[in-house]
Amino acid sequence: METTTFHITPFFMEIDGVQVEVLEVLKSVAVSGDTWYHVVVCIHYNGIKSRRYSLDVKDTKDLTNKLKIEITKIKFIDYAYGIDEVKRLIT
């Protein structure tokens, strides 16, 4: 028997110690027949709430991987330039 995970938006995910708010998920089917999801997210990093932006993903694993990349970018900016630069860039 197959089980399906069901979330009602908005919900939170924790990726690499950072809270990510998933605000909306829209399912779409490409011309090729592939199913894609348009996901609107907001990252909460060290008390800073980012602006909303969207990611197009195939599944939850793809979403997690893309969020890990985005969070790693934010952490590098914080390390190199400081939290004020992070705030300037993501809000």
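Q: Let's take Ala, Val, Leu, Ile, Met, Phe, Trp, Tyr, Cys and Pro as nonpolar, Asp, Glu, Lys and Arg as charged, and the others, Gly among them, as polar. With that split, how many residues of each class are in the lining of the second largest pocket?
A: This is a predicted model, to start with. The lining of the second largest pocket has six nonpolar residues, three charged ones and one polar one.

Q: Which residues are they?
A: The lining is made up of Ile43, Ser50, Arg51, Tyr53, Glu70, Lys73, Ile74, Ile77, Leu89 and Ile90. Helix 1 and helix 2 (83–90) are the elements that give two or more residues to that lining.

Q: Which element gives the most there?
A: That's helix 1, with four residues.

Q: And what volume does the second largest pocket have?
A: About 170 Å³.

Q: OK, on to the largest pocket. What's its volume?
A: The largest pocket comes to about 460 Å³.

Q: How many residues line it, and which lie nearest the centre?
A: There are 17 lining residues, and Thr5, His7, Phe11, Val25 and Thr60 lie nearest the centre of the largest pocket.

Q: How does that lining divide by class?
A: The lining of the largest pocket has ten nonpolar residues, along with five polar and two charged.

Q: Which elements supply at least two residues each?
A: Four elements do so for the largest pocket: strand 1, strand 2, strand 3 and helix 1 (60–81). Strand 2 gives the most, with four residues.

Q: Since strand 2 came up, how does strand 1 pair with it, parallel or antiparallel?
A: Antiparallel: five bridges join strand 1 (residues 11–15) to strand 2 (residues 18–29). As one handy marker, Ile15 stands opposite Val18 in strand 2.

Q: What's in the turn there?
A: Strand 1 and strand 2 make a hairpin with two residues between the strands, and Asp16 takes a positive phi near 50° in it.

Q: And how many bridges does strand 2 have with strand 3?
A: Ten, with strand 2 and strand 3 (residues 35–45) pairing in the antiparallel sense. If you want a spot to check on screen, Gln19 stands opposite His44 in strand 3.

Q: How many residues sit between strand 2 and strand 3, and which one in the turn has a positive phi?
A: Five residues lie between strand 2 and strand 3 in that hairpin. Gly33 in the turn is the one to look at, with a positive phi of about 100°.

Definitions and conventions
Residues numbered from 1 in each chain as written. Predicted model: local features only at pLDDT ≥ 70, side-chain atom pairs only at ≥ 80, totals over all residues. Heavy atoms only, no water. Pairing = 2+ DSSP bridges. 1 Å grid on protein atoms, 1.4 Å probe; cavity = no way out; pocket = protein on both sides within 12 Å on 5 of 7 lines; lining within 4 Å. Points joined across faces, edges and corners; volume = space filled by probe spheres on them.
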